[in-house]
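Subject: Structure handover

Hello,

Here is the structure for your work, with the sequence alongside. My notes on what was found in it follow below.

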Amino acid sequence: MLRSVILAASRSSRVERLVETAPFTRDVVRRFVAGTATDDALRATQELVTNGLSVTLDHLGEDTVTAEQAVAVRDEYLSLLAALSAAELTPAAEVSLKLSAIGQKFDEKFAYDNARAICAAASEAGTTVTLDMEDHTTTDSTLEILAKLRADFPTTGAVLQAYLRRTESDCRELASAGSRVRLCKGAYKEPESVAYQAANDVDKSYVRCMNILMSGQGYPMLATHDPRLIAIAEDRARWFDRSPDTFEFQLLYGIRPEEQARLSADGYTVRVYVPYGDEWYGYLMRRLAERPANMAFFARALVSK
Ligand code: FDA
């Protein structure tokens, strides 16, 4: 119930204005978002890489409605990639990209062209791109664009969401040699017709999907903070005889940093998803919807100000 209310609020511009101007907001944002400028993103990346972690950077923003906005997002990625390369932070850092931020909702061909330019710049910088997955109405389009991008940039990463009923089948399709696939639970509010609703069913689907990816030929990127799923992943790595360079764990910036360090110290590749930029509202609200403890953190920030 609380999750539905927060996810509904994540789409409300009135609530957005209220939250953005609230005095406690800055502290809450700082926990989950690296900052607003490219320099903030570079600083956070440098610190994580120095500590032995890999990074994927997300320039915040989604559901772009004009071509000018989409081009501005594309250009931000191009300059970010140039800056990462100049700072010698590639290949430790790659980028994550939402197709809706570069025009997918109004012109798929235009979004593809923008994504292609970003993949070319990533390749030039010695790194790669992962296409974030958004709500289920975009899944087919995103996977089609991914397939086209992979023809020229084979390391372009996919994201699959365990809460979608279709995902086991998508995992089978994508578990081929060289295929980088991030598996997450899924962050959007989806109808029962397409998505498991009970947390336990989502977890069971995650394990089935992980089995397919870990037993396949591709490069699984296991994105979760869930201790049970991380333990199962470690077990599957042993079971399927996967060395640490053949898969990775991924966690979000600011979430379970001790676990990030623990996994890294145990020899696993750990990639931290680092969001930055002005448009942090939708991202932050999805994080709050995921976990009551994040709400408590929010509330504590509110009363301490
Ligand atoms: P979940 O939120 O169900 O938590 C399970 C358990 O993990 C909790 O019970 C608790 O034990 C532990 N835990 C979680 N948060 C914690 C915290 N803050 N502190 C301590 N313990 C905590 N989604 C999407 O739809 N499209 C995408 O492209 C992506 N991309 C993506 C990249 C990366 C790197 C990550 C980690 C996640 C995504 N996601 C995503 C988000 C994802 O779908 C999902 O919403 C969140 O990861 C939350 O799910 P968890 O698997 O972490 O478990």
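**Strand β2 and its surroundings**

In this predicted model, Val95 of β2 has Val129 in strand β3 standing opposite it. The two strands, with β3 covering residues 129-131, run parallel and are joined by 3 bridges. The connection between them goes through helix α6 (residues 108-124), and β2, α6 and β3 make a right-handed β-α-β unit.

β2 also pairs with strand β1 (residues 54-59), again in parallel, through 4 bridges. Here Thr56 stands opposite Glu94 of β2. Helix α5 (residues 67-86) belongs to this part, since β1, α5 and β2 form a right-handed β-α-β unit.

How many residues of β2 are buried? For β2 (residues 93-97) the count is 5 of the 5, so the strand is largely enclosed by the rest of the structure. Ala93, Val95 and Leu97 point one way, while Glu94 and Ser96 point the other way, and all of these are buried.

**The sheet**

The sheet is open and has 8 strands, with parallel pairing, in the order β3-β2-β1-β8-β7-β6-β5-β4. β3 and β4 (158-161) are the edge strands; each has a single partner, so one side of each is left without a neighbour in the sheet. From one strand to the next the twist averages 30°.

On to the pairing of β1 with strand β8 (residues 270-276): it is parallel and extends over 6 bridges. Val55 has Val272 of β8 as its bridge partner. Helix α11 (residues 257-265) lies across β7 (248-252) and β8, and runs at about 145° to β8.

**A helix pair**

Two packed helices are described by the angle between their axes and the distance between the axes. For helix α9 (residues 199-215) and helix α10 (residues 227-239), the angle is about 25° and the axes are 11 Å apart. Angles under 35 degrees count as roughly parallel, and α9 and α10 are therefore roughly parallel to each other. The crossing of α9 past α10 is right-handed. On the α9 side the contact is made by Asp203, Tyr206, Val207, Met210, Asn211 and Met214. On the α10 side it is made by Leu229, Ile232, Ala233, Arg236 and Ala237.

Regards

Notes:
Residues are numbered from 1 along each chain as its sequence is written. This is a predicted model: local features need pLDDT of at least 70, side-chain atom pairs count only at pLDDT 80 or more; totals for chains, interfaces and linings use all residues. A residue is buried if 20 or more other C-beta atoms lie within 10 Å of its own, exposed if 12 or fewer, and partly exposed in between; C-beta atoms are placed from the backbone. Two strands pair if DSSP finds at least two bridges between them. A crossover is right-handed if, with the strands pointing away from the viewer, the path from the first strand over the helix to the second runs clockwise. Axes are lines fitted to C-alpha atoms, for helices over the stretch in contact, and angles run from 0 to 180 degrees between N-to-C directions. Two residues are in contact if their C-beta atoms, placed from the backbone, lie within 7 Å. Angles under 35 degrees count as roughly parallel, over 145 as roughly antiparallel, 65 to 115 as roughly perpendicular and the rest as oblique. A crossing is left-handed if the near helix is turned anticlockwise from the far one by less than a right angle, and right-handed if clockwise.
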